[in-house]
Structures are given as structure tokens and as C-alpha cells.
Amino acid sequence: MLTMDYNQNPFIVIWELTRACQLNCLHCRAEAQYTRDPRELTHEEGKKLIDEIRAMGNPMLVFSGGDPLMREDVYDLADYAIKKGVRVSMTPSATPNVTREAIQRAKEVGLSRWAFSLDGPNPVIHDQFRGTSGSFDLTMQAIEYLNECQIPIQINTTVSRYNLEHLDKMAELVEKLNCVLWSVFFLVPTGRGKDSDMISPVEHEKVFLWLYNLSKRVSFDIKTTAAQHYRRVVIQQKGREQSNSSPLIHYKDALMKGMTGQIDGLGRAPKGVNDGNGFVFISHIGDVYPSGLLPIKAGNVREERLASIYRDSPVFKALRDPDQFKGKCGVCEYRQVCGGSRSRAYAVTGDYLESEPFCVYIPQSLRKNNGGEKTG
């Protein structure tokens, strides 16, 4: 079993190549703009950054944006990284930039995966969410090209009040499109995202249970983002299926075998990642954050090495210490594996160490034990 020390190296690095994008998505973290920022990391600075990333245990690298295809050198940067042995995937926007030729170029370079966002099972829902008419049809066309080129496809879906009632249809579509991974994001009110867009804490729990049951019958893998408490649900469910004893007895088995899996072609981590804990985000101008959804700047790669920022920043170190968490997260028996979304805690409370505000679970230490009855 491969172990990873997230105190030293991240499992995944997201690099926002540019904030330029032709879409106008309702929930956009980056509040993307139509033109490129002249302050973006240059091509040579990008190559230097790739070298630094490679030296940090060679984590997975994701080119994000905005729309990474808005940079003319995106494939040159991907080629440089892949020739260094870095696993590279990309999350472009579904725009006219996604041509058959662009996808063929990705195949030639050796991109490990291509991720597209789909936030509804039909044009009405998806295009409204993306703020651009025709986005759904462009996405479907591009996925057809990807399947023709045999490039693994990941679908990213942000769960919100706009599509909550359509998740069954979304799962059917992901299956139909021959995708290897469905990455389900749970909205964090940052950037253009609003509190009113989020589903309720109880609805989070219901979706988690639905995802767990879905995962047992579909051909694609499922992972979540900004939903660390899904890990707790998986452990609880697996514990109940294996015996009548406390699900925490099966904690290690559930964590290693059923929750996040091994490092493989799908890019699944051997243990859960969280903001700043196995995860790091680099902005288009080189600013370093625990994640793109947690806007606490810890440094800039133009001024300091990425490894130093990740390993030594007080913000990152605090995020990797669950004993510093406050409220019920700080005393929860699942805090080592869950820890709650630090991004959502910050967005809702202003404190990234506060409790996950959209988790319904009550830790055992906070429950009233009436007459000595079992509380597990």
C-alpha cells in the first residue's frame, strides 16, 4: 500500500492557466473574464513551475481556468510536463475552441484525461447554469470527439438548487456518454456562487446516500469535491453493511478499499484530500491558495518556491491539523478522514477552521447518552 505524506507533498495541483473564458457561469469561482490578464505566468515561468511540481513527489497536475484553451501555449506546456513524466489533465470550457483538431492535439501530446462540466441533463438546465446558449450542444459534440479519440472523459457537475431534482437523469447521461469518472462538486458560495444557490444540509446528506448507492451499480467511478463529509457517509454505510458494530471499527478498511481507492488511471487518491491537505491551487498570476474555493493567499510562486509555501505556510499547516478545527468538527470522531469543507466553512463563517456548516452529523461526544444507551 502506497502511503503519502500530505505534510510534504500534495496529491493534486490545480494550475489556473488563465482567467479568460467565453462562458459566463452562474457559480464561477474565478469570476472569469473574456480577455487574458497580461500578468499571467509566462511560458518560461510555467515551465519552471512544472519543474517544481514534478519535484514535489510528482503529483497530478490539472490545467484549469477560466478556459485553459484560451492560452495558445497550453499544449506546449502540457507536452513539456508530460515529457517530464507528469500526469496532466485539463478542464476546458465547452466553447468553439474545442474543435476536433484541438482534441486530436491533446491525444498526440498524451493528455491523461479531459474533463468537461455538465450541470444539467438537457440544454435548458445546463445552458442556464453556464450563462451561455448552446453550451450543452457544444459539450455533447466535444464528448463525441473525445470518445472517437479514446481520451478518457471526466464529467464535473456542481450540485445546486437548480439541478438537485435532475441528478438521476444526470447519472444516466454520464453512463450513456461512456465517462470514466463523475466528479460531483457541491457548491461553495464564492466568486459568482451565492448562498441561495446551495442545497440544504439535509439535502447534502440525502445526495451523499444516493451517490453511495449509485456507486455500487454504475460503470463509472464517483468522487466528490467540497463534500468531505461524504467520506463519513461512505464509512458509516460500509460499517453497517459489514456488521452491527460501530462503523468506525471498519474505518481503515472503508477508507483504503472503498472510499478513495488507490492511485490509478482515474487519479483516485490513496486517502482523502482537503483544502491545503493534499491539494494546492495556483492562480493565473502565481498566487498560491489551499484551493480555488478558499481565497486565502499563502504566497506567490514568483517570489517563493511552491514546496516552501505548501509545506511551511501557517495557513496550510493549520489546515493539515484537524485538532485545530473548531466546533463539532474539532471533536468529531471522523475529523481525521473528513474534516469538513474548509472552503465552505470560510465562505459561510469567515473562519476556515470553523465547523462544516452544511453537515448534519452530531459527533458522538456531543450526543446525550440517556440512561447509558448506545449512541454509536
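**View 1. The largest nonpolar core of this predicted model has 83 residues.** Six residues have the most contacts inside this core: Trp15, Leu61, Phe63, Trp114, Trp182 and Leu211. In soluble globular proteins, nonpolar side chains tend to be buried together. Another core lies apart from the 83-residue one. This other core has nine residues, including Leu294, Ile296, Phe325 and Cys329.

**View 2. Leu211 and its contacts from further along the sequence.** Leu211 belongs to the residues with the most contacts inside the largest core. Neighbours within four places in sequence are left aside here. Leu211 then touches Trp182, Val184, Phe186, Ile222, Thr224 and Tyr230. Of these partners, Trp182 is also listed with the most contacts inside the largest core.

**View 3. Cysteines in a structure with zero disulfides.** A disulfide is a covalent bond between the sulfur atoms of two cysteines. Cys332 is in none. Its nearest cysteine sulfur belongs to Cys338, 6.5 Å away. The cut-off for a disulfide is 2.5 Å, so this pair does not count as one. Cys332 has a relative accessibility of 11%. Buried means under 20%, so Cys332 counts as buried. Cys179 is buried too, with a relative accessible area of 6%.

**View 4. A nonpolar surface patch made by Val331, Ile362 and Leu366.** The patch covers about 250 Å². Ile362 lies in the segment after helix H13, which spans 342–349. The relative accessible area of Ile362 is 42%. That value falls between the 20% and 50% limits, so Ile362 is classed as partly exposed.

Methods:
Residues numbered from 1 in each chain as written. Predicted model: local features only at pLDDT ≥ 70, side-chain atom pairs only at ≥ 80, totals over all residues. Heavy atoms only, no water. Buried < 20%, exposed > 50% of the residue type's maximum accessible area, 1.4 Å probe, protein only. Patch = residues over 30% accessible without salt bridge, like charges linked within 9 Å, V, L, I, M, F, W, Y side chains within 5 Å. Areas by Shrake-Rupley, 256 points an atom, 1.4 Å probe, with all protein chains shown as cover. Salt bridge = Lys/Arg side-chain N within 4 Å of Asp/Glu carboxyl O. Helix = DSSP H or I, 4+ residues; strand = E, 2+ residues; numbered from the N terminus. Core = buried A, V, L, I, M, F, W, Y, C linked by side-chain atoms within 4.5 Å. Contact = heavy atoms within 4.5 Å.
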